[in-house]
Amino acid sequence: MSPTAPRTPTVLLAEDDRAIRNALKRALTLEGYRVTAVADGVEALAQAHRSRPDVLLLDVMMPGIDGLQVCRALRAEGDRTPVLMLTALVETADRIAGLDAGADDYVVKPFDVEEVFARLRALLRRAAPAPAPAPASAPAPVPAPDGAPTAQGQPDTREPGEPGEPGEQGEPGGQGKPGGQGKPGGAPNAAPGRYITAAGVRMDPQARRAWRGQRELELTRTEFELLELLIRNAGIVLDHPTIYDRIWGYDFGPGSKNLAVYVGYLRRKLDEPGAPQLIHTVRGVGYVLRED
């Protein structure tokens with residue numbers, strides 16, 4: 001295989017109905033996935049431990065260990081592999097149970113296989129590592145006013161009144177900025193401009209960490225991405241289709257409660273007694289982050 005050829009995504013499919021399992025395996029293979037298909041939750045856990053897939057496709061109702069128990073077990077082990085649930089249960093409470101178990105998305109049976117493909121693509125996009133930034137090129141040397149080099153052998157290009165060495169008062173790493181010494185429970189040292197902030201919430205997208213005030217928030221991947229989207233658009237009402245497209249890569253349609261479920265999760269983690277609510281519902285439109 002060429003070093004530049006894309007790697008074939010791997011799917012672990014767990015479905016106890018043999019007809020559905022075989023049909024899905026065949027369809028996924030034709031779509032370009034490398035599929036391992038098993039018939040129950042015990043086999044699914046064993047296979048996930050042997051060879052970690054790129055994404056799991058789990059039927060909820062399986063004999064013995066069901067899909068929810070498989071998902072809970074993997075999450076308890078720290079396994080963050082994306083999980084797409086297959087369920088014949090259509091009640092909102094059932095779908096919430098799947099999300100609470102650690103699933104990232106779900107498809108309700110009977111389903112269109114194209115919908116399964118679309119949701120798998122969205123999960124794999126979200127799980128893909130961000131590309132490494134290109135190294136910055138070194139600036140061209142600029143002669144000092146008198147032509148003399150600095151103590152490090154490089155021309156001194158500081159403006160008059162600018163601090164001298166890193167770590168001085170007012171410089172990152174010194175005493176004058178929060179990133180210098182850090183605070184208990186606060187953000188770690190970081191380069192200027194690394195954080196995004198709005199309405200008293202601070203995020204470090206590179207480290208995947210977030211705080212409200214000095215309290216760090218424990219967020220799932222989807223919750224983090226939803227909060228980041230709201231912070232980057234603070235004060236702007238984002239409609240449902242926009243949020244679905246940016247977070248899931250797929251519009252679930254007007255009858256879906258998926259977004260409302262995740263907004264509810266995020267509110268419970270963000271809100272504090274006596275503090276203003278940050279995520280507001282604009283009925284019939286969408287959501288906005290603002291501090292009233």
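**Close-up views of helix 7, helix 9 and the neighbouring sheet**

**View 1. The contact between helix 7 and helix 9 in the predicted model.** Thr-222, Glu-223, Leu-226, Leu-227 and Leu-230 of helix 7 meet Leu-259, Tyr-262, Val-263, Tyr-265, Leu-266, Lys-269 and Leu-270 of helix 9, where contact means heavy atoms within 4.5 Å and helices are DSSP runs of H or I with at least four residues, numbered from the N terminus. The axes of the two helices, which are lines fitted to C-alpha atoms over the stretch in contact, come within 10 Å and cross at roughly 85°. That makes helix 7 roughly perpendicular to helix 9, a term that covers angles of 65 to 115 degrees.

**View 2. Helix 9, residues 258–270.** The 13 residues of this helix should span 18 Å at 1.5 Å a residue, taken as 1.5 Å times one less than the number of residues, and the end C-alpha atoms are 19 Å apart, which agrees. Among its buried residues (under 20% relative accessible area, 1.4 Å probe, protein chains only) are Asn-258, Val-261 and Arg-267.

**View 3. The open sheet beside helix 7.** Four strands (DSSP runs of E, at least two residues) lie in the order 6-7-8-9 with antiparallel pairing, and two strands pair if DSSP finds at least two bridges between them. Strand 6 (196–198) and strand 9 (215–216) stand at the edges with a single partner strand each, so one side of each lacks a neighbour in the sheet. Helix 7 (residues 221–232) packs on this sheet, touching strand 6, strand 7 and strand 8 (209–212).

Residues are numbered from 1 along each chain as its sequence is written. Local features need pLDDT of at least 70, side-chain atom pairs count only at pLDDT 80 or more, and totals for chains, interfaces and linings use all residues, while side-chain values use heavy atoms, with hydrogens and water left out.

Notes
Axes are lines fitted to C-alpha atoms, for helices over the stretch in contact, and angles run from 0 to 180 degrees between N-to-C directions. Buried means under 20% relative accessible area, exposed over 50%, partly exposed in between (1.4 Å probe, protein chains only). Angles under 35 degrees count as roughly parallel, over 145 as roughly antiparallel, 65 to 115 as roughly perpendicular and the rest as oblique.
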